[in-house]
Amino acid sequence: MLLEHLPHLANKRILLASASPRRAELLHQIGLKFEVRPSTFEETLRKDAFATAALYAIETATHKALEVASASMASGQPADLVIGADTIVEHDKLILEKPADAADAVRMLTRMSGQSHQVHTGVALVLPHASDPKHGKPPLVRSFAVSTEVEFDQLTPDGIQAYVDSGEPFGKAGAYGIQGKAAVFVKRLSGDYFNVMGFPLHAFAAEVAGLVDEGLL
């Protein structure tokens, strides 16, 4: 498990390639020491180029992590591990990212009212010093995605508008944050709750512990 490796990881330079306060909060919660270095990667990948929404999230997370890893190498202070993540909501095969404005947020929430949707978080772990066996050279990239099914209760137009007026939907995939006021929307959840917050802690911890056990980190 990851917890017994925390003293070892405390001596590593770990970068979180995300400005998300929720991801930082979750990683702090488990005792991981890291620096926040938000990625400047523009999320402009074509969604229709991927077989699944989860693969799209993985690819976006990978681009974010690689961009920050490259910047750390160029700065002369290379990281030992860079963590990239991307969370999206999928409803009826349509990918819902962050709402563009209030009308977009209302549209997304109305669409999901009384129905189930999936939350996918792609995570990419980049080790700038380790060699990728596929290419025989660094960096090594390990990536995965976790999916959670969320069912919303039937939402009223007034309830949706009140939530949008609170300002919470903005900057959040699918126009809601389960850790905030939108918790009252959730009728049922199947899978990792923390994944819906934006970071699948269990899967992440298992992957990092594996990297340490393999002697790669």
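The largest pocket of this predicted model encloses about 480 Å³ of space. Its lining comprises 27 residues, and those nearest the centre of the pocket are Arg22, Arg23, Thr87, Lys98 and Gly171. Three elements contribute two or more residues to this lining, namely helix H2 (21–29), E3 and helix H6 (193–197). Of these, E3 gives the most, with four residues. Sorted by class, the lining of the largest pocket holds 11 nonpolar, eight polar and eight charged residues.

Strand E3 spans residues 81–91, and 11 of its 11 residues are buried, so the strand is largely enclosed by the rest of the structure. In a regular strand, side chains alternate between the two faces of the sheet. On E3, Leu81, Ile83, Ala85, Thr87, Val89 and His91 point one way, whereas Val82, Gly84, Asp86, Ile88 and Glu90 point the other way, and all are buried. Thr87 thus appears both in the buried set of E3 and among the residues nearest the centre of the largest pocket.

E3 is paired with strands E1, E4 and E5. With strand E1 (residues 14–16) the pairing is parallel and runs over three bridges; here isoleucine 14 has leucine 81 of E3 as its bridge partner. Strand E5 (residues 116–127) runs antiparallel to E3 and is joined to it by nine bridges, with valine 126 of E5 as the bridge partner of valine 82. Strand E4 (residues 94–96) is also antiparallel to E3, through three bridges, and its isoleucine 95 stands opposite glutamate 90. E3 and E4 form a hairpin in which two residues lie between the strands, and aspartate 92 in the turn adopts a positive phi of about 50°.

Aromatic contacts were examined next. A pair of aromatic rings is described by the distance of the centres and the angle of the planes. The count of aromatic pairs comes to six. In one of these, phenylalanine 152 and phenylalanine 185 are arranged edge-to-face, with 5.7 Å from centre to centre and 65° between the planes. Phenylalanine 152 belongs to strand E6 (residues 140–152), while phenylalanine 185 sits in the loop between helix H5 (157–165) and strand E7 (186–190), so the pair ties together parts 33 residues apart in sequence. Phenylalanine 152 counts as buried because its relative accessibility is 1%, and phenylalanine 185 is likewise buried, with a relative accessible area of 8%. A further pair is formed by tyrosine 193 and phenylalanine 194, whose ring centres are 5.7 Å apart and whose planes stand at 75°, so this pair is also edge-to-face. Tyrosine 193, at 35% relative accessibility, counts as partly exposed, as does phenylalanine 194, with a relative accessible area of 30%. Phe152 and Phe185 are also members of one aromatic cluster together with Tyr163 and Tyr176.

At the level of the whole chain, the protein contains seven helices and seven strands. Along the sequence these follow the pattern α-β-α-β-α-β-β-α-β-β-α-β-α-α. The radius of gyration is 18 Å, close to the 17 Å given by the globule rule for 217 residues, so the protein is as compact as a globular protein of that length. Taken along the principal axes, the C-alpha atoms fill a box of roughly 55 × 35 × 25 Å. Of the 217 residues, 49% count as buried.

Definitions and conventions
Residues are numbered from 1 along each chain as its sequence is written. This is a predicted model: local features need pLDDT of at least 70, side-chain atom pairs count only at pLDDT 80 or more; totals for chains, interfaces and linings use all residues. Side-chain values use heavy atoms; hydrogens and water are left out. Buried means under 20% relative accessible area, exposed over 50%, partly exposed in between (1.4 Å probe, protein chains only). Two strands pair if DSSP finds at least two bridges between them. On a 1 Å grid over the protein atoms alone, a cavity is a set of points where a 1.4 Å probe fits but cannot get out, and a pocket is an open set with protein on both sides within 12 Å along at least five of seven lines; lining residues have an atom within 4 Å of a point. Grid points are joined across faces, edges and corners, and a volume is the space filled by probe spheres set on the points. Ala, Val, Leu, Ile, Met, Phe, Trp, Tyr, Cys and Pro count as nonpolar, Asp, Glu, Lys and Arg as charged, and the others, Gly among them, as polar. Rings of Phe, Tyr and Trp (its six-membered ring) pair if their centres lie within 6.5 Å; planes under 30 degrees apart count as stacked, over 60 as edge-to-face and the rest as tilted. The radius of gyration is taken over C-alpha atoms; the globule rule is 2.2 Å times the number of residues to the power 0.38.
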